[in-house]
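User: I'd like to learn how to read a structure like a structural biologist would. Could you walk me through it?

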Amino acid sequence: MVSKKVLIVYAHQSSGSFNSAAKDAAVEVLTAKGCTVEVSDLYAMTFKATATAEDITGKVKNADHFCYGEETKLAWEAGKLSADITEEQRKLTEADLVIFQFPMYWFTVPAIMKGWMDRVLTLGFAFTHEKRYSQGIFKDKKAMLSFTTGSQESMFSANGINGDMNVTLWPLQNGILHYCGFQVLAPQIFWAPSHVSSEARGTMLEGWRTRMQDLLGENPLAFTPFDCFDGEKGYQLKPEVHEKHAAKEFGLTVGTHLGKALPPNNQMKAGV
């Protein structure tokens with residue numbers, strides 16, 4: 001991990017929070033292992049969450065029918081994105097690993113972090129029609145989610161009231177990170193730290209510190225490769241791939257499940 005660069009995109013309002021402790025632990029351990037670590041503390045930065053025409057300096061192509069994706073693509077190509085977006089894109093370009101550290105809000109990331117994703121991962125810079133998923137622009141980079149929950153682990157099970165955490169994570173890990181090409185590392189989930197003892201929280205942090213010793217050496221989660229889908233037929237799974245998995249008990253992934261039982265832990269652990 002020597003000389004690797006890590007970007008931590010961090011979203012919590014309090015320096016006394018468990019998320020802050022997890023972020024600090026990551027900075028400490030990764031720096032000690034020789035990594036260069038940058039932190040984007042979104043609340044401290046008062047990062048703008050809304051994607052608007054203000055993200056472009058100068059005139060837009062079509063003010064009457066403003067299309068954020070197309071306009072920011074043109075602005076990125078012309079070097080006319082706002083300074084805060086340009087700075088975050090610089091950090092992301094230089095990073096070998098991106099860690100998103102946050103408390104889970106309403107089964108997803110906080111609004112300020114979603115705004116970072118909406119505004120920084122612009123068309124052209126982070127993805128194109130041709131370069132996405134396993135053929136994505138960031139296929140040589142790794143990314144992961146590290147977050148706290150308000151609910152106990154049992155509540156996020158296949159039989160739990162919140163539903164399967166694998167399903168909850170699919171839009172974030174496949175629809176954002178893998179879509180941009182990232183190799184997605186298994187998430188680091190801190191289950192309901194506010195409902196356990198200080199000793200238990202200490203054990204959680206120690207587990208995170210231990211994991212970081214070889215974090216960049218981990219295998220990523222499994223996703224179905226881009227070339228398994230037929231672009232001329234609406235990006236449907238190719239017949240030969242479908243046939244190959246027809247007799248198997250589980251679907252390919254949580255999202256591409258072929259009408260079968262969801263593969264257990266597909267979004268939680270590598271190698272499954």
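User: Let's dive in. Which residues does Arg 119 touch, not counting residues up to four places away in sequence?

Analyst: Some ground rules before that. This is a predicted model, in which local features need pLDDT of at least 70 and side-chain atom pairs count only at pLDDT 80 or more, while totals for chains, interfaces and linings use all residues. Residues are numbered from 1 along each chain as its sequence is written, and side-chain values use heavy atoms, with hydrogens and water left out.

Now your question. Contact means heavy atoms within 4.5 Å. With residues up to four places away in sequence left out, Arg 119 touches Phe 47, Lys 48, Ala 49, Thr 50, Ala 51, Asp 55, Tyr 68, Ser 82, Asp 84 and Ile 85. Arg 119 itself is found in helix H4, residues 111–120. Helices (H or I, at least four residues) and strands (E, at least two) are DSSP runs, numbered from the N terminus.

User: Is Arg 119 buried or exposed, and which side chain does its own side chain make a polar contact with?

Analyst: Buried means under 20% relative accessible area, exposed over 50%, and partly exposed in between (1.4 Å probe, protein chains only). Arg 119 comes out at 0%, so it counts as buried. A polar contact is a pair of N or O atoms within 3.5 Å; within protein, one must be able to donate a hydrogen and the other to accept it, and residues adjacent in sequence count only if both atoms are side-chain atoms. The partner here is the side chain of Asp 84, at 2.9 Å.

User: What about Gln 267: where is it, and which polar contacts does its side chain make?

Analyst: Gln 267 sits in the segment after helix H7 (239–244), and at 0% relative accessibility it is buried. Its side chain makes a polar contact of 3.0 Å with the side chain of Gln 173, and another of 2.9 Å with that of Asn 266. Leaving aside neighbours within four places in sequence, the contacts of Gln 267 include Trp 170, Pro 187 and Phe 223.

User: How do I read a helix that has a buried side? Take H6.

Analyst: The general idea comes from helix geometry: an α-helix has 3.6 residues a turn, so residues three or four places apart point the same way. H6 covers residues 198–211, 14 in number, and reaches 20 Å from its first C-alpha to its last, close to the 20 Å expected at 1.5 Å a residue; that expected span is 1.5 Å times one less than the number of residues. Its buried residues are Met 204, Leu 205, Trp 208 and Arg 211. Seen down the axis, they fall within an arc of 120°, so they line one face of the helix. The arc is that of the directions from the helix axis to the C-beta atoms. On the face turned away from the buried side you find the exposed residues Glu 199, Thr 203 and Thr 210.

User: What do the buried residues of H6 pack against?

Analyst: They pack against helix H1 (18–32) and three strands: E3 (97–103), E4 (142–148) and E6 (188–190). Within strand E4 lies Phe 147, which is buried at 0% relative accessible area. Not counting neighbours within four places in sequence, the contacts of Phe 147 include Gln 188, Ile 189 and Phe 190.

User: How many residues are in the largest nonpolar core?

Analyst: In soluble globular proteins, nonpolar side chains tend to be buried together. A nonpolar core is a set of buried Ala, Val, Leu, Ile, Met, Phe, Trp, Tyr and Cys residues joined through side-chain atoms within 4.5 Å. The largest one has 41 residues, and Phe 100 and Trp 116 have the most contacts inside it. Strand E1 (5–10), E3, H4, E4 and helix H5 (165–177) each supply at least two of its residues, with the largest share, 6 residues, coming from H5. A second, separate core of 22 residues includes Ile 8, Ala 22, Ala 26 and Leu 30.

User: How many disulfides are there?

Analyst: A disulfide is a covalent bond between the sulfur atoms of two cysteines, identified here as a pair of cysteine sulfur atoms within 2.5 Å. A search of the whole structure finds 0. For instance, the sulfur of Cys 180 is 17 Å from the closest cysteine sulfur, in Cys 67, too far for a bond. Likewise, the sulfur of Cys 228 has its closest cysteine sulfur 20 Å away, in Cys 180.
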